[in-house]
Amino acid sequence: MNKLMAIVLAKVSFIIFSLIISMSAYAKEELSNWQKPTPIFKQDFDWLKLTSDEWLKGDIVSMYDEKLEFDSDT
């Protein structure tokens, strides 16, 4: 009886190990095929909302150290 249990346990362990190996190989293959999508911006300008609820239309030039450089023609 103990010999039968050992054989069954060995077979079940082998099947589980095989499934884990095959799933990890599949996951690595999927990761290598994935590419970060490129965002598509179809707007000609940026919008900036002020604390007074006013909106400015223009271009964000840069943002560094919590300072925003914004270019607006109007």
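**Figure 1. Pairing of strands β2 and β3 in the predicted model.** Strands β2 and β3 pair in the antiparallel sense, and five bridges connect them. The structure shown here and in the following views is a predicted model. Within this pairing, Ser 62 faces Glu 69, a residue of β3. The two strands form a hairpin with two residues between them.

**Figure 2. The loop between β2 and β3, with Asp 65 and Glu 66.** Asp 65 lies in the loop that separates β2 from β3, and Glu 66 is found in the loop between these strands as well. Although Asp 65 is not a glycine, its phi is positive, at about 50°. Glu 66 likewise is a residue other than glycine with a positive phi, in this case near 60°. Asp 65 is classed as exposed because its relative accessible area is 61%. Glu 66, with a relative accessibility of 79%, also counts as exposed.

**Figure 3. The hairpin of β1 and β2.** Strand β1 covers residues 46-49 and strand β2 covers residues 55-64; the two run antiparallel and are joined by four bridges. One of the pairings places Leu 48 against its bridge partner in β2, Leu 56. In another view of the pairing, Lys 49 stands opposite Trp 55 of β2. Five residues lie between β1 and β2 in this hairpin, and Asp 53, in the turn, has a positive phi of about 70°.

**Figure 4. The salt bridge between Lys 49 and Asp 53.** The side chains of Lys 49 and Asp 53 form a salt bridge, with an N to O distance of 3.7 Å. One salt bridge is found when the whole structure is searched. The view thus links two residues already named: Asp 53 belongs to the turn of the β1 and β2 hairpin, and Lys 49 has Trp 55 of β2 opposite. Asp 53 counts as exposed, because its relative accessibility is 53%, against a threshold of over 50% for that class. Lys 49 has a relative accessibility of 48% and so counts as partly exposed.

**Figure 5. Surroundings of Trp 47 in strand β1.** Trp 47 is part of strand β1. When neighbours within four places in sequence are left aside, the contacts of Trp 47 are with Trp 55, Leu 56 and Lys 57. The C-alpha atoms of Trp 47 and Lys 57 are 4.8 Å apart in space, while the two residues are ten apart in sequence. Trp 47 is classed as partly exposed because its relative accessibility is 46%.

**Figure 6. The three-stranded sheet.** The sheet is open and consists of three strands in the order β1-β2-β3, with antiparallel pairing. Strands β1 and β3 (67-71) are at the edges and have a single partner strand each, so one side of each has no neighbour in the sheet. On average, neighbouring strands of this sheet are turned by 65° against each other, with direction ignored.

**Figure 7. A nonpolar surface patch that includes Ile 20.** Five residues, Leu 4, Val 8, Val 12, Ile 16 and Ile 20, make up a nonpolar patch on the surface. Their accessible area together is about 440 Å². Ile 20 lies in helix α1, which extends over residues 2-33.

**Figure 8. Overview of the fold and its surface.** The secondary structure of the protein consists of one helix and three strands, following the pattern α-β-β-β along the sequence. Of the 74 residues in the protein, 1% are buried. The exposed area of the protein is about 7600 Å², of which carbon and sulfur atoms supply 62%. Among contacts between residues at least 6 apart in sequence, those joining residues at least 24 apart account for 3%.

Conventions. Residues are numbered from 1 along each chain as its sequence is written. This is a predicted model: local features need pLDDT of at least 70, side-chain atom pairs count only at pLDDT 80 or more; totals for chains, interfaces and linings use all residues. Side-chain values use heavy atoms; hydrogens and water are left out. Patches are made of residues with over 30% relative accessible area and no salt bridge: like charges are joined within 9 Å, nonpolar side chains (Val, Leu, Ile, Met, Phe, Trp, Tyr) within 5 Å. Accessible areas come from the Shrake-Rupley method with a 1.4 Å probe; for residues, only the protein chains shown count as cover. A salt bridge is a side-chain nitrogen of Lys or Arg within 4 Å of a carboxyl oxygen of Asp or Glu. Two strands pair if DSSP finds at least two bridges between them. Buried means under 20% relative accessible area, exposed over 50%, partly exposed in between (1.4 Å probe, protein chains only). Contact means heavy atoms within 4.5 Å. Axes are lines fitted to C-alpha atoms, for helices over the stretch in contact, and angles run from 0 to 180 degrees between N-to-C directions.
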